[in-house]
Amino acid sequence: MLTLDTLEQACKVYLVDEMEQDSAHDLEHLGRVVHQSKKLALQEGADVLIVAAAAWLHDLVNYPKDDPKRAQASFDSATKAEPFLKRLGFDSADICAIQHAIVTHSYSAQVTPRTLEAKVVQDADRLDALGAIGIARCMMVGGRLDRSLYEALDPFCREREPNDLLYTVDHFYKKLLSLDSSFQTFSGRKEAQRRSQFMRTFLDQLASEISE
């Protein structure tokens with residue numbers, strides 16, 4: 001019988017060769033999502049093995065933020081994961097459950113999770129976009145895509161629509177600060193609210209520094 005430890009060791013070896021990493025979607029990101037997924041699964045009563053498998057494999061295929069195939073990435077990840085999951089000994093029902101959780105984790109895919117395990121994985125992945133780590137990842141992506149930090153005349157989108165294709169700080173207003181309302185589980189929502197408040201505090205500090 002497949003154990004959690006065996007699953008995780010196999011995933012780590014597999015991902016080194018099979019996952020295309022970038023600065024915001026690397027093995028450290030996977031590790032954080034796996035950790036949060038297992039924590040939420042225990043709090044919410046989800047199947048930890050299904051959750052952990054989906055969390056390890058959720059970014060198996062990763063397209064850049066500005067790639068037109070971005071919304072397809074989670075579907076391609078789920079498809080690519082199937083032969084590996086079969087080799088590990090998962091049956092067809094479990095593979096379908098894992099693939100559903102992989103597909104629905106994605107914000108871009110806009111697919112509603114139907115199972116508790118999928119809700120847990122979605123929440124865990126979105127938690128990694130919030131708080132201190134979320135700020136750091138946002139800045140890394142903005143730098144890689146050569147976006148300006150903020151729009152000089154209205155840095156905090158008070159009188160304009162946010163445009164995160166041009167300005168990194170706009171991504172807070174385009175997406176990040178509204179994420180906490182999308183969480184599926186009680187435990188995930190509680191942590192999301194805490195991390196979102198930290199991000200608002202960061203923006204307040206940024207505002208004070210650039211207006212001095």
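This note covers the domain layout, the interface between the domains and the salt bridges of a predicted model.

1. Annotated region. The unreviewed UniProt entry carries the annotation "domain: HD" for residues 26–130. Over that range the chain is 66% helix and 0% strand. The C-alpha atoms at the two ends of the range are 17 Å apart.

2. Domain assignment. The chain is assigned domain 1, residues 4–111, and domain 2, residues 131–210. These bounds should be read alongside the UniProt record, where the HD annotation runs over 26–130. Between the C-alpha centres of domain 1 and domain 2 the distance is 25 Å. Each side supplies residues to the contact: 13 from domain 1 and 13 from domain 2.

3. Interface area. The size of an interface is often expressed as the accessible area lost when the parts come together. For domain 1 and domain 2 the buried area is about 1200 Å². Carbon and sulfur atoms account for 56% of that area.

4. Polar and charged groups at the interface. Two residue pairs are in polar contact across the interface of domain 1 and domain 2, both at pLDDT 80 or more. On the side of domain 1 that touches domain 2, the residues comprise three nonpolar, five polar and five charged. How many salt bridges are counted between domain 1 and domain 2? The count is zero.

5. Salt bridges in the whole structure. A search of the whole structure returns nine salt bridges. Side chains of opposite charge can pair when their charged atoms come close. One such pair is Glu 18 with Lys 80, a salt bridge in which the closest N and O atoms are 3.4 Å apart. Glu 18 belongs to helix 1 (residues 4–18) and Lys 80 to helix 4 (residues 73–88). With their positions 62 residues apart in the numbering, the pair links distant parts of the chain.

Definitions and conventions: Residues are numbered from 1 along each chain as its sequence is written. This is a predicted model: local features need pLDDT of at least 70, side-chain atom pairs count only at pLDDT 80 or more; totals for chains, interfaces and linings use all residues. Side-chain values use heavy atoms; hydrogens and water are left out. UniProt positions are given in the numbering used here, feature names are shortened, and annotations may be inferred rather than shown by experiment. Helices (H or I, at least four residues) and strands (E, at least two) are DSSP runs, numbered from the N terminus. Domain bounds come from an automatic or database domain assignment. Contact means heavy atoms within 4.5 Å. Buried area is the accessible area (1.4 Å probe) that two parts lose on being put together, summed over both. A salt bridge is a side-chain nitrogen of Lys or Arg within 4 Å of a carboxyl oxygen of Asp or Glu. A polar contact is a pair of N or O atoms within 3.5 Å; within protein, one must be able to donate a hydrogen and the other to accept it, and residues adjacent in sequence count only if both atoms are side-chain atoms. Ala, Val, Leu, Ile, Met, Phe, Trp, Tyr, Cys and Pro count as nonpolar, Asp, Glu, Lys and Arg as charged, and the others, Gly among them, as polar.
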